[in-house]
Amino acid sequence: MPTLLLGVSGGIAAYKSADLTSLLRKRGWEVRVVMTPAATQFVTPLTLQTLSRQKVHLDPFDLPADSGVAHIDLVKGLDLAAVVPATANLMAKVAHGIADDLLTTTLLALRCPLILAPAMNSAMWEHPATQANLRLLESHGVSLIPPASGELACGDIGIGKLADVEEIANRIEALHQKRLHANRLHGRRVLITAGGTREPLDPVRYLGNRSSGKMGHALAAAAAMRGAEVTLITTASLPVPPGVGAVPVATAQEMLEAVQKHLPGADLLVMAAAVADYRPARVASQKIKKSDEALTIALEPTPDILATLRPLRRPDQLIVGFAAETDSLIPHAQRKLERKGLDFIVANDVSRPGIGFESDENAVTVLGNDGVVANWEVASKQAIAERLLDLFADRLP
Ligand code: CTP
């Protein structure tokens, strides 16, 4: 169970620490709460004790059950620490190493990463002293979840509202994941394709498919988070994850050329793109005009990218395909795995509602040359991407 030290300092938003505690407990975290004396004016220790299901720590001179030292015992076994909300005063003290209560003393003894979620009046937030402290904190490696704009407790409108509790929980989990997996793919080069190809018909039209590119972009983000050098060959106009090099392409032919160019340096290729199997045999140079006649478009096959790599790949490379199927999922995927000479194929049933194309979720079966290696029920594409990258990281020679 990951363990978080949750510091609560004395601002009106302190009551939201109760929601955060409850949410993190539900997501499987142990939450160790330390409050400043001022925080107890806004939310009771009993509330946080009940929600965290453990003693809330307030007093630096409280005698621990054994002969330990309170603030040193508190930091043992921590994965992360967060202060929610962090007042201007708390930020100033942490920035300058002042330790005058249990929370600030504990924060000075931390050996794990610290996240601060500030909340205060906008004048206090914008004050040059607070802004200078922010920069100092960032230079110490502290992560900040910036406050939002809106109506503040004092009635003013401006910046200073505590960020959304769910967003804070997500940031805490993302930082934890990042630390857990950091460097699993360090020194590895990962090549990922994403999105559906677009095969032009004339200057304004193309033949395409419903692939959104979300799965491929999530795979690129998960690989980068694990320290890999990532190249993402994509047709999608989605944001490129931080630290990823993007190669924008449109057609199957362009994707083929980009994959062949980048494959020699890659340790792992994941072809998550939905590549068109056919393209218009000729592309009209002018817009095709409407008429009353039926229109017949001749199509020709596109190159099968994975099949062309078969003779080019090295045995120490891992090559992974995707199979989007509407029926006979496993037999179809199995045949593709063999025909294309893959190490793994990730099969998903795109006829199931709520998963696959355009959706934020997916459910997949991973097949290797020895049969099914994983079968994951519906989860976010991000979560599936994380599991896939861990599986491939384990199998890399
Ligand atoms: N693929 C490819 N080149 C193509 C078509 C597909 O490299 N011209 C890749 C896809 O990126 C995917 C895998 O092959 O990783 C399987 O794609 P899919 O479209 O499911 O298979 P097809 O071989 O096209 O078979 P079918 O469309 O008949 O199901």
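Two strands count as paired here if DSSP finds at least two bridges between them. Keep that rule at hand for the hairpin in Exercise 1. The model you are looking at is predicted, and every exercise below can be followed on it.

**Exercise 1. Find how strand 6 and strand 7 pair, and which residue between them takes a positive phi.**

Step 1. Locate strand 6 at residues 148-151 and strand 7 at residues 157-161. Four bridges join these two strands, and their sense is antiparallel.

Step 2. Check one bridge by name: Glu 151 has Ile 157 of strand 7 as its partner.

Step 3. Now look at the hairpin itself, where five residues lie between the strands. Gly 155 is the residue with a positive phi, near 100°.

**Exercise 2. Work out the strand order of the five-stranded open sheet and name its edges.**

Step 1. Walk across the sheet: the order is 2-1-3-4-5, and the pairing is parallel.

Step 2. The edges are strand 2 (30-35) and strand 5 (143-144), each of which pairs on one side only.

Step 3. Take the pair formed by strand 1 (residues 3-8) and strand 2: six bridges connect them in the parallel sense. Within this pair, Leu 5 is bridged to Arg 32 of strand 2.

Step 4. Add the helices. Helix 1 (residues 16-26) packs on the sheet and touches strand 1, strand 2 and strand 3 (80-86), with a direction about 175° from that of strand 1. Helix 8 (residues 165-181) also packs on the sheet, where its contacts are strand 1, strand 3, strand 4 (114-118) and strand 5. The direction of helix 8 makes about 160° with that of strand 3.

**Exercise 3. Decide how helix 1 and helix 2 are oriented, and list the residues in contact.**

Step 1. Read off the geometry: helix 1 and helix 2 (residues 45-52) pack at about 10°, and their axes are 9 Å apart.

Step 2. Angles under 35 degrees count as roughly parallel, so helix 1 and helix 2 are roughly parallel to each other.

Step 3. Helix 1 brings Ser 17, Ala 18, Thr 21, Ser 22 and Arg 25 to the contact, while helix 2 brings Thr 47, Leu 48, Leu 51 and Ser 52.

Step 4. Sort that contact by class: three residues are nonpolar, five are polar and one is charged.

**Exercise 4. Trace the eight-stranded open sheet and the helices that pack on it.**

Step 1. The order is 12-11-8-13-16-17-18-19, with mixed pairing. Strand 12 (244-248) and strand 19 (371-380) are the edge strands.

Step 2. From one strand to the next, the twist averages 15°.

Step 3. For a parallel pair, pick strand 8 (residues 189-194) and strand 11 (residues 229-234), joined by six bridges. Thr 193 is placed opposite Ile 233 of strand 11.

Step 4. Helix 12 lies across strand 16, strand 17 and strand 18 (361-368), at about 150° to strand 17. Helix 13 (residues 381-395) packs on the sheet too, and its contacts include strand 13 (268-271) and strand 19. Its direction is about 155° from that of strand 19.

**Exercise 5. Describe the largest pocket: its volume, its lining and its main supplier.**

Step 1. The space in the largest pocket is about 890 Å³.

Step 2. Its lining has 38 residues, and nearest the centre are Ala 273, Ala 274, Val 275, Phe 322 and Ala 324.

Step 3. Elements that each give at least two lining residues include helix 9 (214-225), helix 12 (329-339) and strand 17 (344-349). Strand 16 has the largest share, with four residues.

Step 4. By class, the lining holds 19 nonpolar, eleven polar and eight charged residues.

**Exercise 6. Inspect the backbone at Pro 85 and Arg 53.**

Step 1. Start with the background: most residues other than glycine have a negative phi, and most peptide bonds are trans.

Step 2. The bond from Val 84 to Pro 85 is cis, with omega near -5°. Pro 85 is part of strand 3.

Step 3. Arg 53 has a positive phi, near 60°. You will find Arg 53 in the loop between helix 2 and helix 3 (70-75).

Note on methods: Residues numbered from 1 in each chain as written. Predicted model: local features only at pLDDT ≥ 70, side-chain atom pairs only at ≥ 80, totals over all residues. Heavy atoms only, no water. Contact = heavy atoms within 4.5 Å. Axes fitted to C-alpha atoms, helices over the stretch in contact; angles between N-to-C directions. Parallel < 35°, antiparallel > 145°, perpendicular 65-115°, else oblique. Nonpolar A, V, L, I, M, F, W, Y, C, P; charged D, E, K, R; others polar. 1 Å grid on protein atoms, 1.4 Å probe; cavity = no way out; pocket = protein on both sides within 12 Å on 5 of 7 lines; lining within 4 Å. Points joined across faces, edges and corners; volume = space filled by probe spheres on them.
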